[in-house]
Amino acid sequence: MSMSIRRALVAVLAMAVLPLQATTLLVNAHIHTLDPDKPQATALAWGDDGRLLAVGTTSELQAQYRDAKSVDAHGATVIPGLIDAHGHLLGLGVLRSQADLVGARSKAEVVKRLQAWAASLPKDAWVLGRGWDQNLWPEKSFPSAADLDAAFPDRPVYLERVDGHASWVNTAAMKRAKKSLDGDWQPDGGRIQRVGTRASGVLVDGAQDLVQSAIPPMTPAQTREAYKHAFDDAVATGLTGVHDAGVSLDDFKVLQQMAKDGEIPLRLYEMADGNHAALDWLCAQGGQWIDPSGRLRMHTVKLYMDGALGSRGAALLSDYSDDHGNKGIFVTSPEDYRVAVAKARGCKVQVATHAIGDRGNRMVLDTYQAVLGKDAETDHRWRVEHAQIVALDDIPRFATLHLIASMQPTHATSDMPWAAQRLGTERLKGAYAWQRFLHERVPLAFGSDFPVESVNPMLGLYAAITRQDLAGQPPGGWLPDQKVSRIQALVGFTRAAAYAGFMEREVGMLKAGMRADFVLLNADPLTIEPRQIADLKPLSTWVDGKAVYTAGKTDAAR
């Protein structure tokens, strides 16, 4: 061996035994690590690579890493970075370019908001909006095109319901459809609401595309801008990760370029949007793709089984209690659904399926069981998104098939005023049944389904713990036996969400070797009054050991 090679080997070995030096310390903090082996700490140490080197007390880490830069938390509470296990980033981002209809208490209020919004638009532009909910109106029934036509006789109007599973359009918009919506036919996986043979102006699930496809598509630049808005909103609420439930290949390419340009401030776990081009691309990558930055990855396909409860599209085993003869909709035919699931399995792609009604959930379970076969025992981590109303004897099947229930706590508190009307008392036993899933040891990953609900995870923590609205109603909580503890709620937004994305060795707790993703809060969610949890504010949000949000700083400053 030459002298130069020997010297190089000695140098490498010497470097290998040297302790890694932290470049930054967070000190004087009240840290909930969620690491069962060391649940509490007061300091964190990490290096330039953004990985934690040590978790301990302020005095011991200051003594160990004397040259590191210190960030003083001044006693603030620190928790692992929060992960939303089911959101829609592009949908969140485009809200700024649409009329906000959330909370409107009447059709008249919707029209008033639309008129104010349309005043700033070019005269030939579509009037787009999202967030209407007929359950908040006095009549609690679907609207019609006529309710919009007087204010907008010539301009096309397209308004998504709050859950995204129904749209309300005016006559001008229906004239833009590829074919007449009148008659006695129905599209696959959807429903055109009619009065006689005339389309009323409400399109449910698969019927929405008949008009939506006529709306001019967003440009890549507009898509990029929408994502930036969504990222800003997410990190400002304490989110360091999002499982993005359904992205097209074109939109994913925009995200890839943003990752390359260093424009993604949090971790995105992307799901291909059904059995389309994005899934084909993912299969060609061997079933998963990870950007070198660690901020963007895809390993999952998002499929749809049924619709939503609020628009009576969730597939039920028996009729809706308030709509006899209606059992909901299979958005995807069982035959096409099984083809997509089998394709994903062959590509080694994780499957995540939207299922809300008990019939929808049963079809998903039956299909998963048939396609997985003996491989149900493997570490596949297939998911059911929402798992909202499940027959009681189907809940143990989640454990048998080694599935993950990806659920959204605020759905329960949003739906509780009218869920019993849709379902009756008996079916509520399997509705939003968090404790029943936990009793069967089913991993429970929590999210929000933003923009259906608020992106703010503090509202999800509050809903999970109390099952009450912000006014504290009902007393004791709705179906209170299904409330979860504070730790269980926090785990749902951290460790369990990380596990659902195959990232439990990187994020979800604060432990040496894991990513320095964490949030500084203005109070302790484990000790404050329950109602105060909803009002918690991040002081700062950190990803890879760098602040991606600091309260009081402008977006430009960040």
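Biologist: In this predicted model, strand S7 and strand S23 pair over how many bridges, and in which sense?
Modeller: S7 covers residues 77–80 and S23 covers residues 518–521. Their pairing is antiparallel. The number of bridges is 4.

Biologist: Which residue of S23 is the bridge partner of Thr-77?
Modeller: Strands of a sheet pair through backbone hydrogen bonds. For Thr-77, the bridge partner in S23 is Leu-521.

Biologist: Which strands lie at the edges of the open sheet that holds S7 and S23?
Modeller: The sheet has 6 strands, with mixed pairing. Their order is S3-S2-S7-S23-S24-S25. An edge strand pairs on one side only. That describes strand S3 (40–41) and strand S25 (546–550).

Biologist: Now the helices. Is H8 roughly parallel or roughly perpendicular to H9?
Modeller: The axes of H8 (residues 220–236) and H9 (residues 249–260) come within 10 Å. They cross at roughly 65°. Angles of 65 to 115 degrees count as roughly perpendicular, so H8 and H9 are roughly perpendicular.

Biologist: How do the residues of the contact of H8 with H9 divide into nonpolar, polar and charged?
Modeller: H8 brings residues including Tyr-227 and Phe-231. H9 brings, among them, Val-254, Leu-255 and Met-258. The division is 6 nonpolar, 2 polar and 3 charged.

Biologist: Which helices do the buried residues of H15 pack against?
Modeller: H15 spans residues 419–427. Its buried residues are Ala-419, Arg-422, Leu-423, Gly-424 and Arg-427. They pack against helix H12 (358–372) and helix H14 (409–415).

Terms used:
Residues are numbered from 1 along each chain as its sequence is written. This is a predicted model: local features need pLDDT of at least 70, side-chain atom pairs count only at pLDDT 80 or more; totals for chains, interfaces and linings use all residues. Side-chain values use heavy atoms; hydrogens and water are left out. Buried means under 20% relative accessible area, exposed over 50%, partly exposed in between (1.4 Å probe, protein chains only). Helices (H or I, at least four residues) and strands (E, at least two) are DSSP runs, numbered from the N terminus. Contact means heavy atoms within 4.5 Å. Axes are lines fitted to C-alpha atoms, for helices over the stretch in contact, and angles run from 0 to 180 degrees between N-to-C directions. Angles under 35 degrees count as roughly parallel, over 145 as roughly antiparallel, 65 to 115 as roughly perpendicular and the rest as oblique. Ala, Val, Leu, Ile, Met, Phe, Trp, Tyr, Cys and Pro count as nonpolar, Asp, Glu, Lys and Arg as charged, and the others, Gly among them, as polar. Two strands pair if DSSP finds at least two bridges between them.
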